[in-house]
Amino acid sequence: MRTVLSVNVNAVAMLRNRRDLPWPSVVRFGRLALASGAGGLTVHPRPDQRHVRFSDLPDLRALIDAEFPQAEFNVEGYPSEAFLDLCEAARADQVTLVPDDPSQATSDHGWDFVREAERLEAAIARVTGFGARTSLFADPSPEGLDVAARLGASRVEFYTGPYGATHSDPEAAQRELARLKAAADAAITAGLTVNAGHDLTVGNLPELKRAIPTLSEVSIGHALIADTLEFGLSETIRRFLVAIDG
Ligand SMILES: CC(=O)[C@@H](O)[C@H](O)COP(=O)(O)O
Ligand SMILES: NCC(=O)COP(=O)(O)O
């Protein structure tokens, strides 16, 4: 099964935000990423807009509508009313709900599905109501995935940060892969489709895909932007697509 590569443009926005200037442009970067073979774009608008800005979302939506109608727009974030309004206005194809506190530097854990059931059920109903798919950010553990499915989610995005952190420790990497595989099996049994993201790289994707052959989508920003500085964007997208699906 082929896995969609969704390019996260948050790091491009962060670079742009150093100056009061419109470059590097997230729209031009998104266009090149999609033209080079990526299947979608991801943004994670944080409340302080330190990475992607709220005003970037309509521009990226317009890019997809005009030039890449098959591409998927994935919007990630904490399900505040403001965030859900933003997703609706941007006609997100997929909304990935993430339990981030505004003070977090980046995402570092998944939902407690049982404790947050009420909040998640309401958010999922809202997302379903405006016609998008909901994915829930999840730790790589089988716990609570049946609850996630019952709340109405279509997918989970497994948090691969701990796997990414094993880049110089092959034994630890195997342990994380076993956790991810067990969690993915449980998700599929519960009727969920599996996405993954955070600190995925050209180096760690092939083994992840071997562990989870049914992986539907990976959203990748940090390592992809780092490689782009070294190899250029088109070549980087090519390398990531080879790492994912050969
Ligand atoms: C949800 C997740 O995994 C994050 O990796 C994310 O979407 C990236 O966010 P930042 O780029 O703002 O750190
Ligand atoms: N959902 C994960 C994502 O969009 C990008 O994470 P990273 O590759 O920037 O760590």
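**Figure 1. The surroundings of ligand 2 in this predicted model.** Around ligand 2 there are 13 residues, and the ones that come nearest are Asn 8, Gly 197, Ser 219, Gly 221 and His 222. Two elements, strand 8 (217–220) and helix 10 (222–231), each contribute at least two residues to the shell around ligand 2. By class, that shell is made up of three nonpolar, seven polar and three charged residues.

**Figure 2. Helix 10 and its covering elements.** Four residues of helix 10, namely Ala 223, Leu 224, Ile 225 and Thr 228, are buried. The cover over the buried residues of helix 10 includes strand 1, helix 1 (10–16), strand 8 and helix 11 (233–245), and strand 8 also joins helix 10 in supplying residues to the shell around ligand 2. Just after helix 10 comes Gly 232, whose phi is positive at about 90°.

**Figure 3. Strand 2 and its parallel partners, strand 1 and strand 3.** Strand 2, which spans residues 40–43, is covered on both faces, since Gly 40 and Thr 42 on one side are buried, as are Leu 41 and Val 43 on the other. Strand 1 (residues 4–8) runs parallel to strand 2 and is joined to it by three bridges, with Val 7 standing opposite Leu 41. Strand 3 (residues 72–77) likewise pairs with strand 2 in the parallel sense, here over four bridges, and Leu 41 stands opposite Phe 73 of strand 3. Between strand 2 and strand 3 the chain passes through helix 3 (residues 56–67), in a β-α-β crossover that is right-handed.

**Figure 4. The surroundings of ligand 1.** The shell around ligand 1 holds 13 residues, of which Asn 10, His 44, Thr 106, Ser 107 and His 198 come nearest. Sorted by class, the shell comprises two nonpolar, nine polar and two charged residues. Two of the nearest residues, His 44 and His 198, are also listed under "active site" in the UniProt entry, which is unreviewed, whereas Thr 106 is covered by the "binding site" annotation of the unreviewed entry.

**Figure 5. The residues that UniProt lists as "active site".** The unreviewed UniProt entry gives His 44, Glu 76 and His 198 under this heading; these residues are spread over 155 residues of sequence, yet they cluster in space, with a largest C-alpha distance of 12.1 Å. His 44 lies in the loop between strand 2 and helix 3, and it is classed as buried because 23 C-beta neighbours lie inside 10 Å. Apart from neighbours within four places in sequence, the contacts of His 44 are Asn 8, Asn 10, His 51, Val 52, Glu 76 and Gly 77. Glu 76 belongs to strand 3 and is buried, having 28 other C-beta atoms within 10 Å. With sequence neighbours within four places again set aside, Glu 76 is in contact with Thr 42, His 44, Thr 96 and Val 98.

**Figure 6. The residues covered by the UniProt annotation "binding site".** In the unreviewed entry this annotation covers Arg 46, His 51 and Thr 106, which cluster in space with a largest C-alpha distance of 10.4 Å although they are spread over 61 residues of sequence. Arg 46 is found in the loop between strand 2 and helix 3, and it counts as buried because 21 other C-beta atoms lie within 10 Å. Beyond its neighbours within four places in sequence, Arg 46 is in contact with His 51 and Pro 102. Thr 106, by contrast, is partly exposed, with 14 other C-beta atoms within 10 Å, and it lies in the loop between strand 4 (94–97) and helix 5 (117–129).

**Figure 7. Backbone geometry at Pro 24, Gln 49 and His 198.** Most residues other than glycine have a negative phi, and most peptide bonds are trans. The peptide bond that joins Trp 23 and Pro 24 is cis, with omega of about -5°, and Pro 24 sits in the loop between helix 1 and helix 2 (26–35). Gln 49, which is not a glycine, has a positive phi of about 55°; it lies in the loop between strand 2 and helix 3 and is partly exposed, with 13 other C-beta atoms within 10 Å. His 198 also has a positive phi, near 115°, and its place is in the loop between strand 7 (193–197) and helix 9 (205–211). His 198 counts as buried because it has 24 C-beta neighbours inside 10 Å.

Methods. Residues are numbered from 1 along each chain as its sequence is written. Chains are lettered from A and ligands numbered from 1 in the order in which they are written. This is a predicted model: local features need pLDDT of at least 70, side-chain atom pairs count only at pLDDT 80 or more; totals for chains, interfaces and linings use all residues. A residue is near a molecule or strand if its C-beta atom, placed from the backbone, lies within 6 Å of it. Ala, Val, Leu, Ile, Met, Phe, Trp, Tyr, Cys and Pro count as nonpolar, Asp, Glu, Lys and Arg as charged, and the others, Gly among them, as polar. A residue is buried if 20 or more other C-beta atoms lie within 10 Å of its own, exposed if 12 or fewer, and partly exposed in between; C-beta atoms are placed from the backbone. Two strands pair if DSSP finds at least two bridges between them. A crossover is right-handed if, with the strands pointing away from the viewer, the path from the first strand over the helix to the second runs clockwise. Two residues are in contact if their C-beta atoms, placed from the backbone, lie within 7 Å. UniProt positions are given in the numbering used here, feature names are shortened, and annotations may be inferred rather than shown by experiment.
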